[in-house]
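Subject: A structure for you to look at

Hi,

Here is the structure I promised to pass on to you. Please open it next to this email, and then read on for what I found in it.

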Amino acid sequence: MTAPRAERISEEKKALIAGAAAELSARDPEFIRYQLPGMWLFSTIYFRAEVTGFDRIPEEGPVLFVGNHSGGNMTPDSMVFMLAFNTYFGVERPVYALAHSLVTSWPVVGHLAGKWGIITAGPKAAQAALDEGASVLVYPGGDVETHRPWTARHEIRFDGRKGFLRTAKDAGVPIVPVVSVGGQDTYLPLTDGRRIARLLKLDKLARLKVLPISLALPWGLNIGDFGGHLPLPAKIRMEVLEPIDVVERFGDDADSDEAYRYVTERMQEALTALAAGRVLPPLL
Amino acid sequence: MELSETIRIAVSPTKVFELVDDPARYHEFFVGVTRWEPRSKKLRGVGAKFRVLMQVGSIQAGGTVKVIERTRPKLIRWESEQGIHQAGCWRLEKVDDGTDLTLDIEFDLSGGPLGALVARLAGRIVARNMWATLMAARRIVENED
């Protein structure tokens, strides 16, 4: 006999918390509310962000936001999105963002990230959040995409990762793509250093596929971006696209190569259009 | 942060009240408000709920508000139930040559000293929008038959 839904979710949560993968209860709405003004200053004054398309997000129910990731380890796009979501829908509507375990395992940063609803990336963590009725933000390209070189700044680079499609299929939730430009202008990424990372076996040691080399403040030559950097005040433009119901569109093949191509091409179209709106990068 | 703006309109309070009591027309004159949509069967009056959003800098901020007081043709007051803590009201006062229409908006951002700074910055944006709103309302009611 199948366990009741609430009981099943509770069991899943217990199992996941043991792996520190889904500290869903760490999200603190009042902490987020307290932080919003500071985030607004960064977003509005420093990055002069323009955010459009939030009216395309369903007013209720869980969705899987799928974004293109930029800005190295500082990821201003995540900050702008989390601010925009929490002011648009209110901190009462839960949203979780999946992040690399290096972020969530830092002693102080990981604790604060948890309060924001940032959880360690993984399909089970995403599933647990969606099962609770929350929305989830995932960056399938992860470290590979956020550290892509400046010359590839307007490319969707998911590196063939299709886990997000399986998550949407299993949870039966729509995918809502989110694209943004400007993040790669907040520093100057020269190379993602994939070959060096392979040689050093960073993937096995720290789940890192890249060892980026960039020019960034205050370091000058910045190898790895492990300590982050001071982002330049580049203008961030973000657009939320129409939801895609991959199950409705692709049925049992919702996690197929065809579905992957459809979602990434749709995002690439929008990203290219967004980039075309820029007159003089990086500040305008 | 408490904000208040008043404008004199050369028509009766009853006619001004007709406009501000009709949320379906807010998109015509409520400047900066990107959404004011019903979230209850009741479309106006005490108990009516609305999904409200206002463009403030880089983002839209808002939540759900509920009308808590309505006295025809003098007052409509609302407060937030979800989202940004806010409250507001339309106040109408009869004067010799028409109506003084006042729009009050109050919001609380929390966030300590940084929140206070942002409230001041956002307050300037909201105050300008409020004044533009009153001018638009005056234009509408003074030019309608």
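Before we start, one term: two strands pair if DSSP finds at least two bridges between them. Please also keep in mind that this is a predicted model.

With that term in hand, look at S180(A), whose bridge partner in β10(A) is M238(A). This bridge belongs to the pairing of β6(A) with β10(A), which is antiparallel and has four bridges.

**The seven-stranded sheet**

Those strands are part of an open sheet in chain A, made of seven strands with mixed pairing. Going across the sheet, you meet the strands in the order β1-β10-β6-β2-β5-β3-β4. Which strands are at the edges? They are β1, residues 50-52, and β4, residues 118-120, and each of these pairs on one side only. From one strand to the next, the twist averages 25 degrees.

You can follow the pairing strand by strand. β1(A) runs parallel to β10(A), and three bridges join them. Here E50(A) is found opposite R237(A) of β10(A). A little further across the sheet, β2 (residues 64-67) and β6 (residues 175-181) of chain A are also paired, in the parallel sense, with four bridges. In that pair, V66(A) has P177(A) in β6(A) as its bridge partner.

β10(A) covers residues 237-240 and deserves a second look. Are its residues buried or exposed? R237(A) and E239(A) point one way from the strand, M238(A) and V240(A) point the other way, and all of them are buried.

**The three-stranded sheet**

Chain A also has an open sheet of three strands, in the order β7-β8-β9, and its pairing is antiparallel. The edge strands are β7, at 188-191, and β9, at 220-223, each pairing on one side only. On average, neighbouring strands in this sheet are turned by 30 degrees against each other, direction ignored. The pairing of β7(A) with β8(A), which spans residues 213-216, is antiparallel and has three bridges. To find it on your screen, look for T191(A), which lies opposite I213(A) in β8(A).

**Where the two chains meet**

Now turn to the contact between the chains. How many residues does each chain bring? Chain A gives 20 residues and chain B gives 16 residues. On the side of chain A that touches chain B, α2, β1 and α3 (76-89) of chain A each supply at least two residues. The largest share there comes from α2(A), with 10 residues. By type, this side of chain A has 11 nonpolar, six polar and three charged residues.

A helix pair is a good place to zoom in. α2 of chain A (residues 29-46) packs against α3 of chain B (residues 112-143) at an angle of about 55 degrees, and their axes are 8 Å apart. Why is α2(A) called oblique to α3(B)? The reason is that angle, because it makes α2(A) oblique to α3(B). The crossing of the two helices, α2(A) and α3(B), is left-handed. On the α2(A) side you will find P37(A), G38(A), W40(A) and L41(A), which meet L114(B), G115(B) and V118(B) in α3(B). The residues in this contact of α2(A) with α3(B) are five nonpolar, two polar and no charged.

Have fun exploring, and write back with any questions.

Best wishes

Technical notes:
Residues are numbered from 1 along each chain as its sequence is written. Chains are lettered from A and ligands numbered from 1 in the order in which they are written. This is a predicted model: local features need pLDDT of at least 70, side-chain atom pairs count only at pLDDT 80 or more; totals for chains, interfaces and linings use all residues. Axes are lines fitted to C-alpha atoms, for helices over the stretch in contact, and angles run from 0 to 180 degrees between N-to-C directions. Angles under 35 degrees count as roughly parallel, over 145 as roughly antiparallel, 65 to 115 as roughly perpendicular and the rest as oblique. A crossing is left-handed if the near helix is turned anticlockwise from the far one by less than a right angle, and right-handed if clockwise. Two residues are in contact if their C-beta atoms, placed from the backbone, lie within 7 Å. Ala, Val, Leu, Ile, Met, Phe, Trp, Tyr, Cys and Pro count as nonpolar, Asp, Glu, Lys and Arg as charged, and the others, Gly among them, as polar. A residue is buried if 20 or more other C-beta atoms lie within 10 Å of its own, exposed if 12 or fewer, and partly exposed in between; C-beta atoms are placed from the backbone.
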